Amino acid sequence: MKKSAFSPETQMLGYGYDPNLSEGSVKCPIFQTSTFVFKTAEEGKKFFEMAHGKPGHEKDHMGLIYSRINNPDMEILEERLRLWDGGEMAAAFSSGMSAIATTLITFLSPGDVLLYSNPIYGGTHKFIHRILTHFGVEVIGFTAKDSKEEIKKILGKDERLERLKMIYIETPANPTNDLIDIAMFSKLAADYSDSEKKVLIAVDNTYMGPLWQHPLKHGADLVLYSATKYIGGHSDVIAGAAVGSKELISKIKKTRTFFGTMIDPHTSWLLMRSLETLKIRMEAAALNAAKIAEFLSDHPKVEKVYYLGYTYKNNPDQERIFEEQYQSNGAMLSFDIKGGEKEAFSFLNSLKHIKLAVSLGGTESLAEHPATMTHADIPFEEKEKLHITGKMVRLSTGIENVDDLIWDIEQALKKVTIPQPELAL
Ligand SMILES: Cc1ncc(COP(=O)(O)O)c(C=O)c1O
């Protein structure tokens, strides 16, 4: 059996690390250093030539230079990160936003068109609308409900199609759990690619990855992560990642070197530790989410539950996407309380164990109010259209005892007074 045949969860325990290079230490040490000593000046010259892609070094081994360019903890972490998605290479970043921003800036130029799915994480929405448009990129949104034909109509004129450079997808959509068909967009991208220009597909896989959805297998070129979430998994680090082909990730790494958006050695080490328990943490959280979704869907003060297991039921198109693309219903859910912002706030303020905080994918459960928190910057009308309203609460399910979580949700719902007209219904 070859080493590469082991499952990712097995490989998280040692892949890419040679104890012989670190005094036999079972675990990879933290290489807390900004720079590395060259054996000779000639060696330093060679490493710099290799870093700048100078030809003639194809058979040489690249050495360590400076921690903005390379560091053992960052490199071993990247080797492990790429395994879950079956990518050729990964790049690790200081945050999910730096992974997203560095990637988009690498491939988009003034005049290019970026097509993106709605809703997306508020920070990404702000970045593409405020920063990318400032640099002359045209950004066009679509929703999970738009068919291929409707998206072609949205893109409109031929001139605009020629400028289409990237399709950016977040699926399941945050916070509504709508599903986007990556394979369909891969075909659409192929329709508008030619020998001179390839339309790239980037997928933010933070909600389901890297365990339950593998976008590269469905035709995506790049997978992006807020590693702050499930990958880190303990709400104690901020980090990000990009996974894809050697060709594309190498380009992203060049931009990262100039922006200085790389991950630091200590955070890399913490993520390596987190990756060892990634699968069991995510599976435990998903089991809890299923029970909480069931409880909420039967509760008289809850109007609607946005849980993947319910989103695709009775919707053949969404069900097909689920069957083809996903391995789990995940651990993220949102729900509308009967009433509005006042009632949602009353629920959030009454929670005793579940923390009122943004972010997701940690061992502890977190609840937040998307309309005024994570998605605050999205224009009101757009949010209404996407069902991100005052009555919505988002829940990231942790790994606590599920009976404790349901007890907390139940007691907080008891404190909510539903407006009279609603009760009359
Ligand atoms: C889906 C998604 N993508 C990206 C990000 C940004 O990641 P970070 O906070 O690590 O910069 C977030 C943060 O909440 C997110 O939820």
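Helices here are DSSP runs of H or I of at least four residues, numbered from the N terminus. On that numbering, α4 (96–107) and α5 (122–132) each supply at least two residues of the shell around the ligand. The model is a predicted one.

**Ligand shell**

The ligand is surrounded by 16 residues. Those that come nearest are S95, G96, M97, S226 and T228. The shell is made up of 10 polar, 4 nonpolar and 2 charged residues.

**Domains**

The domain assignment splits the protein in two. Domain 1 covers 7–33 + 71–275, and domain 2 covers 279–424. Their centres, taken over C-alpha atoms, are 25 Å apart. Domain 1 gives 29 residues to the contact, and domain 2 gives 36 residues.

Which elements give two or more residues to the side of domain 1 that touches domain 2? They are α5 and α8 (182–191). The largest share comes from α5, with 3 residues. By class, this side of domain 1 has 12 nonpolar, 12 polar and 5 charged residues. Helix α5 thus has two roles in this account: it supplies residues to the shell around the ligand, and it gives residues to the side of domain 1 that touches domain 2.

**Helix packing**

Two packed helices are described by the angle between their axes and the distance between the axes. Three pairs are set out below.

| Helix pair | Angle | Axis distance | Crossing |
|---|---|---|---|
| α4 and α5 | about 35° | 11 Å | right-handed |
| α4 and α9 (246–259) | about 115° | 9 Å | right-handed |
| α11 (278–297) and α16 (402–414) | roughly 30° | within 10 Å | right-handed |

Take α4 and α5, two helices of the ligand shell. They pack at an angle of about 35°. From α4, the contact uses M97, I100, A101 and L104. From α5, it uses G123, T124, F127 and L132. These residues divide into 6 nonpolar and 2 polar, with no charged residue. M97 appears twice in this picture: it is among the residues that come nearest the ligand, and it is part of the contact of α4 with α5.

Helix α4 also packs with α9, with the axes 9 Å apart. The angle is about 115°, so α4 is roughly perpendicular to α9. The crossing is right-handed. On the α4 side, the contact is made by T102, T103, I105 and T106. On the α9 side, it is made by K251, I252, T255, R256 and F259. Here the classes are 3 nonpolar, 4 polar and 2 charged.

The third pair is α11 and α16. Their axes come within 10 Å and cross at roughly 30°. Angles under 35 degrees count as roughly parallel, so α11 is roughly parallel to α16. Helix α11 brings N288, K291, I292 and F295 to the contact. Helix α16 brings V402, L405, I406 and I409. This contact has 6 nonpolar residues, 1 polar and 1 charged.

**Backbone details**

Where are the cis peptide bonds described here? One joins N174 and P175, with omega about 10°. P175 is in the loop between β4 (164–170) and α8. That places P175 in a loop bordered by α8, and α8 gives two or more residues to the side of domain 1 that touches domain 2.

Another cis bond runs from G209 to P210, with omega near 0°. P210 sits in the loop between β5 (200–204) and β6 (222–226). The range of β6 ends at 226, and S226 is among the residues that come nearest the ligand.

N314 is a further backbone detail. Its phi is positive, at about 65°, although N314 is not a glycine. N314 lies in the loop between α12 (308–311) and α13 (316–325).

Notes. Residues numbered from 1 in each chain as written. Predicted model: local features only at pLDDT ≥ 70, side-chain atom pairs only at ≥ 80, totals over all residues. Near = placed C-beta within 6 Å. Nonpolar A, V, L, I, M, F, W, Y, C, P; charged D, E, K, R; others polar. Axes fitted to C-alpha atoms, helices over the stretch in contact; angles between N-to-C directions. Parallel < 35°, antiparallel > 145°, perpendicular 65-115°, else oblique. Left-handed = near helix turned anticlockwise from the far one by under 90°. Contact = placed C-beta atoms within 7 Å. Domains from an automatic or database assignment.
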